[in-house]
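Biologist: Please take a close look at a single strand in this model. Start with the strand itself, then work outwards to whatever surrounds it.

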Amino acid sequence: MAVTTDTASDERTTATDEAQVPRKQRTSGANVWFGVIAWIVGIAFFFPVFWMVLTSFKTEADAYTTTPKIIFEPTLEQYEGVFAAGIGPYLANSVAATVISTILVLLLGVPAAFALSLRPVQKTTDVLFFFISTKMLPVVAAIVPIYVVVNQIGMLDNIWTLIILYTGMNLPIAVWMMRSFFLEVPGELLEQASIDGAPLWRTLREIVLPIISPGIFATALICVIFAWNEFFFAVNLTAANAGTVPVFLVGFITSEGLYWAQLSAAATLAALPVVLAGWVAQNKLVQGLSFGAVK
Amino acid sequence: MVLAALLASLALVAGCSGAGALGAEEGVETVTVAIVSNPQMEDAISLSPQFEAENPGIRLRFVSLSENEARAKITASVATGGGEFDIVMISNYETPQWAQNGWLTNLQPYIDATPGYDAADFIPTVRDSLSYQGSMYSVPFYGESSFLMYRKDLFQQAGIQMPAQPTWPQVAEFAARLDQGEGQRRGICLRGKPGWGEVMAPLDTVINTFGGRWFDPEWRAQLTSPEVRQAVQFYVDLVRQHGQPGASQSGFSECATQFGQGQVAMWYDATSAAGTVEDPAESTVAGQIGYAPAPVVATPASGWLYSWSLAIPETSPRKDAAWKFMSWMTNKQYIERAGQEVGWTSVPPGSRQSTYTIPQYQQVSGAYGPLILQGLQRANPQQPTVQPVPYQGVQFVRIPEFQDLGTRVSQQVSAAIAGQITVDEALEQSQNYAETVGESYQR
């Protein structure tokens, strides 16, 4: 009996307490928690990158100590080694493969996304499904036929092979992504334009593109990241001429020696262009990624 | 407009990086070399401008990849006639098989026509392992066996004397005595990482010397035989009881660190480890290391035999230029050159007998050099264990299926080392895999 009374009074107290806490304060309490979680997740994601950068300034012996060293004498020796190994041609190949494939993706993807959203063609859903179905087969399952075809047409170790493959690889994702952005464009605007007698390309260029430009930006950045990081096609289809940065990186892994510090230096350099691109594009990107979310 | 200009300029960049290196100059041949990115190979790349200076008609291009990537890439290229490479780095596992398939150029005519190359100077076991029907199809850049490294200072403190030819039970006893327990210095480091070239390499030598084998002469799988069970149980127990922490994920590099940082008292691995652990920049125990031949049980010797060597794919149109560079990289003068310019501890060991008569090399490698030579000379790929076998190879079975079979079995062993399954369970499963492979040879 006594217990029941206690519980009841407890509940009452809690309820009263809650009622007394101003609404604003509760929200900020929740915000603190979200903040803490965001920091934990952020640090969990960032720590490996931080460790990579830190390791790149160590000597190999320091990099391998059993109790990991945070305080050490920094050295640029590893970076010298990476430059001595000749990162230049690989960087040029990566830039060419990434930039050209991304431009091609946008040139083909924007009209495709437009046709599949604002001007739906026949069997739109089938077309969309076909696009996404090309991503369902693991690349490793397709590599043998691709290798044989590329070999037969004499395109092994040619940067244009990678450009074509990266375009094909990114196009479905880009079309799907951009389609969702196109769908956000209010239909009235288009009707207005067509009543005014504007030709299609002009509607696209002057009305639709400015509205969805953050979305296109976000799509382009995703394509850049995917193409820049792509390893499997690159390692299988290139040799001395068309190798990209990820292929250059594995050259630092050795089965008989220590290599963590130098690999970290090479990886830091390899990540730098994409980090810079992301940083420059940050505002546009956030706007683009949340484009569909705030309707 | 702007876009078109951008595209055009990028195409130019791509064109330059793509085609520019193909040798637009008159009379210059570009030789493309696929190479495994191990330290001595990197040294060879850094010395190669000297070759280009001596041979203005030949330009070299290197593709340096880690062992796993290189193996997959080179196999795909050579097997399909991809023709990206004029020289490939392969091992004594691939050479005789690929020669038989007709994928490689017979090097014997080139060797015979090159005065002063002296192929008779190659260590005989290494030379034989790279030959098919009496002709060499690849030439060794370096060779390695396996041996036991131990800390002389710790052995002395503990009053233990390393025998001239240790046995595995003795090594287990030493490991137990020198083991300080978890979180402190352990007795021994042994590989445990999955992979046919990882845990299977040392473990195969243990299986061989315990009298075990993969197949009997009728290709019946033997992985659940008492000898194999005993050997694998011994290896797993030793590394679990007195081995390094995280053993199921340890390979060469991890053990090199453990041993080099003084965290373990012994390490059984490739003879090429000596270069790493004797380098004061990478190791805190340099100069305190003793070496002993690979421990045995029922065979007189048990060290493995491995060689990274250079071959010319049959598809290469630049065979003469390719041979010129290969012979430069594998002749006696190269060893002298590497010794003088990179350092005598970094010369590629285990290819030529004459390397071991160079006074400067003897001076730096006195503690381990003769043992490497002895290990290689005594390795017996024809008869790796006590009973007869239908295959060749010490730490591998020289059949194409072994890459897959060895890796599957290694995953089982690695799981046993991690304590997820028992040794018997691991071997039952491995036996199934091996039976499938064996059946295809029984027909």
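Modeller: Strand S11 of chain B sends B:Tyr306, B:Trp308 and B:Leu310 one way. B:Ser307, B:Ser309 and B:Ala311 point the other way. All of these residues are buried. The model is a predicted one. The strand covers residues 306–311, and six of its six residues are buried, so S11(B) is largely enclosed by the rest of the structure. The cut-off behind this is simple: a residue is buried if 20 or more other C-beta atoms lie within 10 Å of its own.

Now the pairing. Strands of a sheet pair through backbone hydrogen bonds, either parallel or antiparallel. S11(B) belongs to an open sheet of five strands, in the order S2-S1-S3-S11-S6, and the pairing in this sheet is mixed. Take the S3 side. S3(B) and S11(B) are joined by four bridges and run antiparallel. Here B:Met89 has B:Leu310 of S11(B) as its bridge partner. Take the S6 side next. S6(B) and S11(B) are also antiparallel, with five bridges between them. On this side, B:Val139 stands opposite B:Leu310. B:Leu310 is thus the partner of B:Met89 and the residue facing B:Val139.

Go one strand further out, past S3. Strand S1 of chain B, residues 29–36, is joined to strand S3, residues 87–91, by two bridges. These two strands run parallel. In this pair, B:Val33 stands opposite B:Ile87 of S3(B).

The sheet ends at S2 and S6 of chain B. Strand S2 (58–65) and strand S6 (139–144) stand at the edges with a single partner strand each, so one side of each has no neighbour in the sheet. With direction ignored, neighbouring strands of the sheet are turned by 20° against each other on average.

Next, the domain level. The domain assignment splits chain B in two. Domain 1 takes 28–144 + 306–363, and domain 2 takes 146–303 + 395–442. The C-alpha centres of the two domains lie 29 Å apart. Contact between them involves 10 residues of domain 1 and 10 residues of domain 2. On the domain 1 side, the touching residues are four nonpolar, four polar and two charged.

For a reference point away from the sheet, use B:Lys152. B:Lys152 is found in helix H7 of chain B, which spans residues 152–157. From B:Lys152 to B:Val88, the C-alpha distance is 40 Å, with their positions 64 residues apart in sequence. B:Lys152 is partly exposed, because 15 other C-beta atoms lie within 10 Å. Leaving out residues up to four places away in sequence, B:Lys152 touches B:Gln288, B:Ile289 and B:Gly290.

Now chain B as a whole. Chain B holds 18 helices and 11 strands. Its radius of gyration is 23 Å, close to the 22 Å of the globule rule for 443 residues, so chain B is as compact as a globular protein of that length. Along the principal axes, the C-alpha atoms fill a box of roughly 70 × 55 × 55 Å. Buried residues account for 51% of the 443 residues. Take the contacts in chain B between residues at least 6 apart in sequence: 73% of them join residues at least 24 apart.

Chain A is built from helices. Chain A has 14 helices and zero strands. Of its 295 residues, 34% count as buried. For contacts between residues at least 6 apart in sequence, the share joining residues at least 24 apart is 80% in chain A.

Last, the place where the chains meet. Contact between them involves 36 residues of chain A and 36 residues of chain B. On the chain A side, five helices each supply at least two residues: H3 (60–63), H5 (88–117), H7 (139–152), H8 (159–182) and H11 (232–237). H5(A) gives the most, with seven residues. By class, the chain A side divides into 21 nonpolar, 12 polar and three charged residues.

Key:
Residues are numbered from 1 along each chain as its sequence is written. Chains are lettered from A and ligands numbered from 1 in the order in which they are written. This is a predicted model: local features need pLDDT of at least 70, side-chain atom pairs count only at pLDDT 80 or more; totals for chains, interfaces and linings use all residues. Domain bounds come from an automatic or database domain assignment. Two residues are in contact if their C-beta atoms, placed from the backbone, lie within 7 Å. Ala, Val, Leu, Ile, Met, Phe, Trp, Tyr, Cys and Pro count as nonpolar, Asp, Glu, Lys and Arg as charged, and the others, Gly among them, as polar. The radius of gyration is taken over C-alpha atoms; the globule rule is 2.2 Å times the number of residues to the power 0.38. A residue is buried if 20 or more other C-beta atoms lie within 10 Å of its own, exposed if 12 or fewer, and partly exposed in between; C-beta atoms are placed from the backbone. Two strands pair if DSSP finds at least two bridges between them. Axes are lines fitted to C-alpha atoms, for helices over the stretch in contact, and angles run from 0 to 180 degrees between N-to-C directions.
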